[in-house]
Every structure is written in C-alpha cells, then in structure tokens.
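Have the structure open and ready to turn while you read. We'll go from the overall picture to a couple of single residues.

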Amino acid sequence: MEDLSGILRNHPFMKDLDENYLKQITGCASNVVYQEDEVLFKEGDKAEKFYLIRSGKVALEINGRDKGNLRILTIGPGQILGWSWIVSPYKWHFEAHALEEVRAIALDGECLRNKCEDDPKLGYEMLKRFAHILEQRLQSTRMQLLDVFKRV
Amino acid sequence: MFLNVCKHFTKMTENKSGLIKSDPMIPESVKVKKIFWETEDVFTIELVYDGEEKRNFNFKPGQFNMLYAFGVGESAISISSDSTKKGSLLHTIHKVGYVTSELSKLKKGDIIGLRGPFGSSWPLEDAKGKDICIIVGGIGLAPLRPAIYHILKHRKQYGKFTLLYGARTPRDILYPVELESWKKKYDIQLEITVDRSDSTWRGHVGVVTTLLNYVDCNPDNTRAMVCGPEIMMKYAVDELIKHGVAEKEIYVSLERNMKCALGFCGHCQYGPSFVCKDGPVFSFSKVTDIFEIKEL
C-alpha cells in the first residue's frame with residue numbers, strides 16, 4: 001500500500017518538489033474520505049485545512065441568499081481544494097460538499113504555515129504553487145463572467 | 001469576362017472539394033423533413049432534396065451550407081449530421097438573428113434554398129494514429145459532430161479520444177441522449193461542464209478549459225480540434241499549448257459574416273484569408289498572428 005509521502009509525491013500539485021520539503025509537508029498530512037453529499041466545510045468556518053483531491057468530485061457553492069445556493073466550481077482528481085488557509089483571516093468563502101465519494105489528502109493549514117515561517121524557501125515554494133492556482137481560478141472566473149454562451 | 005471568372009472559380013471549387021456540381025451561386029430547393037428543438041434557443045432541421053428524396057448529399061465534416069429562407073435571406077450553417085448517412089442532412093441552428101428566426105418557424109414540408117457544401121473540413125485523415133482532443137463550447141458541438149461520428153466509426157484508427165464540452169447551464173447541453181450513448185458504447189473520454197448550475201446538477205461546473213486537467217493524452221502525439229465562441233477558443237488554445245500540444249496540431253473553426261461563400265464578396269475576410277473559402281477550419285499555426293487582433 002502506498003504511504004502518505006508516496007501519495008503526495010504523485011499528486012500534480014507536488015510535482016518536482018524537493019524531497020526535503022515533501023518530508024516536511026508529509027508531517028502535516030492525513031488521509032481523508034468523504035461520502036457523497038458530505039460537507040467538507042461551510043462558508044465562514046475557520047479554514048484549517050486544504051485538500052489534495054485524489055478521487056471523486058467536490059462542488060463549491062456560494063450562498064446567494066434569496067437566490068439560493070449557486071454552484072460555481074467543481075474540483076476533481078489532481079486538483080487542490082482551498083486556499084483560505086494561507087490568507088488571513090483564514091476563513092472559508094464557500095461551502096464545499098462531496099458530489100460522490102471523495103478521497104483526498106488533507107493538509108493542516110496551521111502546521112504548514114508554521115513550517116513555512118520557519119523555512120522561507122518552503123514558504124516561497126508553496127506561495128508560487130498557490131499563486132498559479134489562484135491565477136487559474138481568477139482566469140476561469142473571468143471567463144464565467146463573460147458568459148460567452150449567453151442567449152441573445 | 002465575368003462569366004469566365006465564374007467558370008474558372010467553379011472549376012477551382014470543384015477541384016478543391018470535389019463535391020460542388022452546379023453553379024454554387026444558385027440555391028437548390030430542399031424540403032424540411034423534420035424540425036425539432038434541442039434547447040430553448042437551438043433547433044435542428046432535417047432536409048431532403050425537394051422531389052428527389054433519395055438523392056444524396058455529399059459533404060466533409062466541418063463544411064457548411066448557405067441556407068436560404070426565401071424572401072428573408074441566407075445564413076451560413078454548419079452541417080451537423082453523419083457524412084456517411086445519405087438522403088438527408090441535419091443543421092443545428094442557434095436562433096440569434098432574422099434569418100435563423102425565420103428558419104426556426106419552418107414546418108415539415110416547407111421549402112428552402114440550399115447552396116453548398118462550402119469551406120474546409122476537419123483534418124481527420126492525417127490524424128490517424130494520433131490522440132484526438134476535441135474542445136467545444138455551446139453550439140460549437142454541432143460543427144464537430146460529423147467529425148465525432150467519423151472518429152467513432154473508425155475508432156481503432158485513432159489513439160485516445162477525448163471530447164470536452166462546455167455549455168452555459170445543464171439545460172443548454174446539446175444532444176444529451178447521444179452524448180450519453182457515445183460514453184456507454186465507445187472508447188471515449190467525454191467530460192461535460194457547465195458555466196453555472198444549481199445543486200441538482202452532479203457534473204462538472206467551471207469553464208471548459210478546466211477539463212483539460214483531467215485529460216490523459218500524449219501532447220506530443222495529439223491532434224486538437226476546437227470550436228466555440230472565439231474567446232473560448234483563445235483560452236482553449238492557450239491551455240492546449242500550455243499542456244504541450246504543438247500549434248500546428250491545433251485546428252479551430254472560425255465564424256464570420258459569410259455572404260457569397262465563394263471568396264468573391266469579401267465580407268468574411270480574415271487577414272489574408274476568406275473564412276468561407278479558406279476556412280472555416282484553420283490550422284491554428286496559420287492564424288496565430290491574427291487570432292488575437294480583436295478588430296479582425
């Protein structure tokens with residue numbers, strides 16, 4: 001059976017990461033499984049973790065108040081769920097729930113933040129990787145805003 | 001002189017596609033066999049030759065016809081049926097303007113004019129042995145449907161086959177029954193995403209390019225075909241290149257205001273090319289420099 005560091009090494013987010021960093025990150029990691037429709041976190045909750053999705057699909061929803069819940073994104077295998085752990089005040093902006101059984105590696109945000117503070121090179125590496133994800137999400141959101149398939 | 005030019009051009013067109021047999025400026029009468037709505041604003045018309053219902057239509061996947069609503073006008077519409085099925089022809093049409101609105105009101109037995117087929121086709125022959133990645137958005141699935149039929153029919157001649165399809169909402173997904181059957185019957189990775197949905201949708205949500213994260217193909221041996229709104233194609237091409245697919249292996253289908261469909265009138269000029277005659281399917285490497293010029 002593949003151990004935690006092996007799983008982490010094979011996740012696209014950790015591609016080409018220095019072995020020493022991988023070892024440090026493994027210390028903050030745990031294996032998690034969520035059943036279909038189970039809630040991973042709710043809007044406003046403390047963002048204590050982020051997830052490396054291994055299998056299954058997670059839906060991110062925003063509460064539109066009188067408009068009801070609006071699903072804005074799904075996240076699947078090989079992707080990262082959650083960046084609020086890295087940005088103060090560490091609170092979730094969306095609700096996430098499993099659309100099917102989800103297997104993931106959960107990374108403890110506080111644990112990793114402390115390691116990043118202690119080793120700025122690790123911190124910079126993490127920030128570079130998250131900046132890439134944030135850029136992708138921002139571009140996707142802009143595309144969604146353009147509403148290119150809108151009825152005329 | 002003009003007649004000579006016309007004759008010369010007709011001959012050229014015949015040489016290129018081998019399909020146009022009569023004067024390409026004169027429409028032929030075709031009869032509506034069936035018309036049905038795919039979504040709230042997209043419908044499909046099935047056409048047969050008026051009075052010669054057994055006569056075959058010939059076209060290549062990716063080509064388009066000029067459909068003429070008599071007394072109203074013509075519109076360039078991609079052919080969306082299986083090119084090997086003879087006798088009738090399907091066009092899936094987005095009701096967006098005056099002509100397409102008139103076409104949407106047609107009934108069984110009504111007659112319209114048809115000129116075509118025109119334009120270039122999807123490069124399927126020299127893609128044999130390669131992985132195929134098709135990225136489509138909205139009505140862009142329709143012009144690629146004949147290519148998909150071809151690949152599925154000759155499935156063993158191609159490598160991994162991926163179809164990524166983005167729609168606005170779950171209600172806007174075209175050909176949902178057929179998509180489901182392709183997934184069940186064939187060796188195809190089919191991923192569908194919508195830009196927005198409520199909680200009842202169990203599939204992907206997000207722009208179509210995000211689906212590339214789930215694709216497992218060899219970028220060094222992949223032929224990509226992209227069709228949809230131009231801004232979507234721009235992002236899709238950028239993502240394909242980021243994933244390592246070579247520009248020369250990426251093909252896009254462009255849309256412009258086509259009038260004559262023969263490269264005479266110049267309405268669809270796109271830099272040094274005419275979309276009607278040199279396109280609508282272009283190798284991205286041929287249009288790279290002008291693809292991002294918004295005025296074009």
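Here is a walk through chain B, its domains, its sheet and core, and then its contact with chain A.

Keep in mind that this is a predicted model. Start with chain B as a whole. Its secondary structure comes to seven helices and 15 strands. Along the principal axes, the C-alpha atoms of chain B fill a box of roughly 55 × 40 × 40 Å. How does its radius of gyration fit a compact globule? For 296 residues such a globule would have a value near 19 Å, and chain B has 19 Å, so the two agree. Of the 296 residues in chain B, 44% are buried. Among contacts in chain B with a separation of 6 or more, 70% link residues 24 or more positions apart.

Chain B is assigned two domains, domain 1 (2–118) and domain 2 (125–291). Taken over C-alpha atoms, their centres are 22 Å apart. Where they meet, 23 residues come from domain 1 and 19 residues from domain 2 of chain B. On the domain 1 side, the elements giving two or more residues are helix H1 (2–17) and strands S3 (64–69), S4 (73–78), S5 (89–94) and S6 (111–118) of chain B. S6(B) gives the most to that side, with three residues.

The table sets out the residue classes on two contact sides.

| Contact side | Nonpolar | Polar | Charged |
|---|---|---|---|
| Domain 1 of chain B, touching domain 2 of chain B | nine residues | ten residues | four residues |
| Chain A, touching chain B | eleven residues | eight residues | four residues |

Now for the sheet. Chain B has an open sheet of seven strands, in the order S10-S9-S8-S7-S11-S12-S15, with mixed pairing. Its edge strands are S10 (204–205) and S15 (281–283) of chain B, each pairing on one side only. Look at S11 (222–227) and S12 (250–253) of chain B: they pair in the parallel sense over three bridges.

Val226(B) is a good residue to click on here. Which residue stands opposite Val226(B) in S12(B)? That partner is Val252(B). Not counting residues up to four places away in sequence, Val226(B) touches Ile135(B), Met233(B), Ala236(B), Val237(B), Ile250(B), Tyr251(B) and Val252(B). Val226(B) also turns up in the largest nonpolar core, which has 107 residues; it is listed with Val58(A), Ile134(B) and Tyr251(B) as having the most contacts inside that core. Each of the two domains of chain B supplies at least three residues to this core.

On to the meeting of the two chains. In all, 23 residues of chain A are in contact with 25 residues of chain B. The elements of chain A that give two or more residues to its side are strand S4 (58–63), S5 and helix H4 (120–146). Of these, S5(A) gives the most, with six residues.

Just along the chain, Gly78(A) lies in the loop between strand S5 (69–75) and strand S6 (80–81) of chain A. Is Gly78(A) buried or exposed? Gly78(A) counts as partly exposed, because it has 16 C-beta neighbours inside 10 Å; being buried would take 20 or more. Leaving aside neighbours within four places in sequence, Gly78(A) is in contact with His11(A), Pro12(A), Ile53(A) and, across in the other chain, Asn213(B). Ser55(A) is 23 residues from Gly78(A) in sequence, while their C-alpha atoms are 7.8 Å apart in space.

Note on methods
Residues numbered from 1 in each chain as written. Chains lettered and ligands numbered in written order. Predicted model: local features only at pLDDT ≥ 70, side-chain atom pairs only at ≥ 80, totals over all residues. Core = buried A, V, L, I, M, F, W, Y, C linked by C-beta atoms within 7 Å. Buried ≥ 20, exposed ≤ 12 C-beta atoms within 10 Å, placed from the backbone. Domains from an automatic or database assignment. Contact = placed C-beta atoms within 7 Å. Helix = DSSP H or I, 4+ residues; strand = E, 2+ residues; numbered from the N terminus. Nonpolar A, V, L, I, M, F, W, Y, C, P; charged D, E, K, R; others polar. Pairing = 2+ DSSP bridges. Rg over C-alpha atoms; globule rule 2.2 N^0.38 Å.
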